[in-house]
Amino acid sequence: MKIFLDTANIEQIKHSCELGIVDGVTTNPTLVAKEKGKFKDLSGLIGTICDIVKGPVSVEAISENADDIISEAEKFAEISKYVVIKVPMTRDGLKAVKILSRNKIKTNMTLIFSANQALLAAKAGANYASPFIGRLDDISHEGMQIIVDIREIFSNYAFNTEVIVASIRHPLHVLEAAKIGADIATIPFDVLDKMLKHPLTDIGIEKFKADFEKVKGEYKI
Ligand code: G3P
């Protein structure tokens with residue numbers, strides 16, 4: 001499973017990329033808004049993220065009609081070859097994705113809350129589909145069930161669209177996504193941090209250190 005980082009924060013991206021396990025980044029208007037004032041424009045922020053990640057970086061189109069989404073996408077695509085245009089799942093979004101995919105501009109259909117929406121994204125030729133599982137859980141729908149359904153549908157018809165499990169809130173979401181066989185999980189920085197920690201690892205390190213300390217005079221390294 002590929003791991004994307006769900007953030008627009010440069011420090012978080014640098015720290016995580018240093019680990020060597022980050023394949024890409026997803027941003028959205030909310031995440032980008034949190035970084036206001038740090039770059040002179042959005043292109044600067046996205047370009048910097050692309051330079052660090054050297055993998056797919058999703059940036060979301062704000063426009064609502066197809067023609068405007070396409071113009072926005074064309075401008076974003078000039079920033080870097082790594083840019084992927086996030087397009088919300090609407091009628092105009094689908095139209096735009098179809099055209100962008102013909103024009104070889106990569107797309108990620110976002111704000112997907114049902115398997116049928118993911119099916120339409122794949123039919124339109126989106127490179128990625130982003131179902132938001134945490135937000136479904138928030139309204140008492142079992143978010144992860146749509147990942148199971150999408151996985152099955154995409155396998156049935158051999159769609160190339162990759163499933164990005166988004167709106168991940170905790171490590172169990174990542175575990176479930178991996179067990180289902182989702183292509184990608186896009187993970188917030190704090191969740192990634194929780195995934196790499198285990199109290200028994202810390203206790204184990206302390207115990208090994210203490211045991212070796214007792215005899216270290218007797219060994220050369
Ligand atoms: O990138 C989109 C997504 O992951 C949003 O997450 O927590 O705002 O539902 P959240």
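# Cysteines, ligand and pocket

Me: What makes the sulfur of Cys-17 too far for a bond with the closest cysteine sulfur?

Reply: In this predicted model, the cysteine sulfur closest to that of Cys-17 belongs to Cys-50 and is 11 Å away, too far for a bond. A disulfide needs two cysteine sulfur atoms within 2.5 Å, and Cys-50, whose nearest cysteine sulfur is that of Cys-17 at 11 Å, is therefore in no disulfide either. A search of the whole structure likewise finds zero disulfides.

Me: Why is the pair formed by Asp-6 and an oxygen atom of the ligand called a polar contact?

Reply: The cut-off for a pair of N or O atoms is 3.5 Å, and a polar side-chain atom of Asp-6 lies 2.5 Å from a ligand oxygen, so the pair counts as a polar contact. The side chain of Arg-169 has a polar atom 2.9 Å from an oxygen of the ligand, while for Asn-28 an N or O atom of the side chain is 3.3 Å from a ligand oxygen, and these values also fall within 3.5 Å. On its own the ligand has 310 Å² of accessible area, of which the protein covers 83%.

Me: Which residues are around the ligand, and how do they divide into nonpolar, polar and charged?

Reply: Among the residues around the ligand are Lys-86, Phe-132, Arg-135 and Ala-166, and the shell divides into two nonpolar, two polar and four charged residues.

Me: Where does the ligand sit, and what lines that place?

Reply: The ligand sits in the largest pocket, which holds about 300 Å³ of space. Its lining has 20 residues, and those closest to the centre are Asp-6, Asn-28, Leu-31, Arg-135 and Ser-167. By kind, the lining divides into seven nonpolar, seven polar and six charged residues.

Methods
Residues numbered from 1 in each chain as written. Predicted model: local features only at pLDDT ≥ 70, side-chain atom pairs only at ≥ 80, totals over all residues. Heavy atoms only, no water. Near = heavy atom within 4 Å. Polar contact = N/O pair within 3.5 Å; in protein donor to acceptor, adjacent residues only side chain to side chain. Areas by Shrake-Rupley, 256 points an atom, 1.4 Å probe, with all protein chains shown as cover. 1 Å grid on protein atoms, 1.4 Å probe; cavity = no way out; pocket = protein on both sides within 12 Å on 5 of 7 lines; lining within 4 Å. Sits in = over half its atoms within 2 Å of the grid points. Nonpolar A, V, L, I, M, F, W, Y, C, P; charged D, E, K, R; others polar. Points joined across faces, edges and corners; volume = space filled by probe spheres on them.
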